[in-house]
Amino acid sequence: MSMAQDTHSEPLKRKAYEKELRKLQSELCQLQEWVKQEQMRVIVVFEGRDAAGKGGTIRAITERVSPRVFRVVALPAPSSREKSQMYLQRYVPHFPAAGEIVIFDRSWYNRAGVEPVMGFCTPEEHERFLIGCPVFEKYMVESGILLLKIWLEVGKAEQARRFAARIDDPLRQWKLSPMDLKSWTRWYDYSQARDQMLAATDTPYAPWYILRSDNKKKARLNCIRFLLEKIPHQRVKRPKVKLPPRSKKGAYDDEASLQGKHFIPERY
């Protein structure tokens with residue numbers, strides 16, 4: 001076991017986690033200002049096994065920044081019309097315009113993972129994707145898009161613990177779909193699909209970065225730090241803001257005018 005794995009298993013206290021998270025989220029706010037100013041276009045792809053922690057990691061990235069800069073795309077299953085299109089076609093309309101970072105919560109790499117494992121595409125379609133995807137991504141990068149691909153790797157024992165927790169927790173039961181239960185039995189099929197994907201699409205211009213996610217808190221911090229290092233940025237100087245005085249023109253008792261209206265009961 002490597003030193004990185006040993007360190008990864010050590011617990012991280014909540015206070016230390018929240019302190020570091022706030023610091024990193026503050027830097028993300030600076031990053032978004034630079035992305036807007038420089039009109040950058042960035043795509044971040046999140047893939048990984050079920051229960052690897054993609055959703056929580058994405059929330060940690062986006063909870064303090066503007067949704068108009070950091071845009072999350074999580075597409076549903078394709079419609080009958082989309083199934084008739086070229087496979088990658090449905091993703092292109094969601095690509096970033098200038099000044100945007102688009103985060104794909106699962107992406108076109110469905111065809112490299114869940115689709116071949118669960119029989120949603122043919123072996124020929126899977127092979128064609130693995131051949132064509134690097135060409136597609138090369139075009140993206142050459143057009144000026146910064147593409148970052150992150151694979152969250154969760155261990156077998158930790159995935160089992162998270163699935164068991166979903167069964168008993170009413171706040172997380174919605175995360176456990178019939179598809180999850182079917183995929184649960186196919187650990188090594190997913191491993192082989194992952195290995196094929198990495199062999200075919202881990203390119204010099206669009207490499208894969210693997211994020212160990214058995215420890216959710218550390219994974220989130222490591223991911224944000226990674227993004228801050230990989231997306232070049234500088235601090236944008238902002239003018240000091242001073243609130244101007246409110247105008248008293250047309251002043252009246254605007255609290256009294258609310259009397260008799262419908263209010264939500266204050267039960268807390």
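This note goes through several features of a predicted model, from its cores and one covered helix to its empty spaces, its cysteines and one loop residue.

1. The nonpolar cores. The largest nonpolar core holds 34 residues, and those touching the most other members are Phe46, Ile61, Phe70, Ile101 and Ile150. Two or more residues of this core come from each of α2, β1, α3, β3, β4 and α10. Apart from this core lies another one, made of 24 residues, which include Val102, Phe129, Cys133 and Leu147. As a general background to such groupings, nonpolar side chains tend to be buried together in soluble globular proteins.

2. Ile101 and its contacts. When residues up to four places away in sequence are not counted, Ile101 touches Leu31, Val35, Val42, Val44, Val69, Phe70, Arg71 and Ile231. One of these partners, Phe70, is listed together with Ile101 among the core residues that touch the most other members.

3. Helix α3. This helix, which spans residues 54-62, is mostly covered, since seven of its nine residues are buried. The buried ones are Lys54, Gly56, Thr57, Ile58, Ala60, Ile61 and Thr62, and Ile61 is also one of the residues with the most contacts to other members of the largest nonpolar core. The cover over the buried residues of α3 includes the helices α2 (14-38) and α10 (216-230), together with the strands β1 (41-48), β2 (70-73), β3 (100-105) and β4 (146-153).

4. The cavity. How many cavities of 30 Å³ or more does a search of the whole structure find? The search finds one, and the volume of the largest cavity is about 80 Å³. Its lining is formed by Arg49, Asp50, Gln159, Ser183, Trp184, Trp187 and Tyr190, with α8 (178-184) and α9 (187-201) being the elements that give two or more residues to it. By residue class, the lining of the largest cavity divides into three nonpolar, two polar and two charged residues.

5. The second largest pocket. This pocket contains about 240 Å³ of space, and the residues lining it are Arg14, Tyr17, Glu18, Leu21, Arg22, Gln25, Glu63, Arg64, Asn215, Lys216, Lys217 and Arg220. Both α2 and α10 supply at least two residues of the lining, and α2 gives the most, with six residues. Eight of the lining residues are charged, while two are nonpolar and two are polar.

6. The cysteines. Why does the structure hold zero disulfides, as far as Cys121 and Cys223 are concerned? A disulfide would need two cysteine sulfur atoms within 2.5 Å. The cysteine sulfur closest to that of Cys121 belongs to Cys133 and is 13 Å away, so the pair is too far apart for a bond. For Cys223 the closest cysteine sulfur is in Cys29, at 16 Å, which is likewise too far for a bond. Both residues are buried, Cys121 with a relative accessible area of 9% and Cys223 at 2% relative accessibility.

7. A loop residue, Ala98. Is Ala98, in the loop between α4 (80-83) and β3, buried, partly exposed or exposed? Ala98 is partly exposed, because its relative accessible area is 40%. Not counting residues up to four places away in sequence, Ala98 touches Gln39, Met40 and Arg41. Pro116 is 18 residues from Ala98 along the chain, and the C-alpha atoms of the two are separated by 34 Å.

Definitions and conventions
Residues are numbered from 1 along each chain as its sequence is written. This is a predicted model: local features need pLDDT of at least 70, side-chain atom pairs count only at pLDDT 80 or more; totals for chains, interfaces and linings use all residues. Side-chain values use heavy atoms; hydrogens and water are left out. Buried means under 20% relative accessible area, exposed over 50%, partly exposed in between (1.4 Å probe, protein chains only). Helices (H or I, at least four residues) and strands (E, at least two) are DSSP runs, numbered from the N terminus. Contact means heavy atoms within 4.5 Å. On a 1 Å grid over the protein atoms alone, a cavity is a set of points where a 1.4 Å probe fits but cannot get out, and a pocket is an open set with protein on both sides within 12 Å along at least five of seven lines; lining residues have an atom within 4 Å of a point. Grid points are joined across faces, edges and corners, and a volume is the space filled by probe spheres set on the points. Ala, Val, Leu, Ile, Met, Phe, Trp, Tyr, Cys and Pro count as nonpolar, Asp, Glu, Lys and Arg as charged, and the others, Gly among them, as polar. A nonpolar core is a set of buried Ala, Val, Leu, Ile, Met, Phe, Trp, Tyr and Cys residues joined through side-chain atoms within 4.5 Å.
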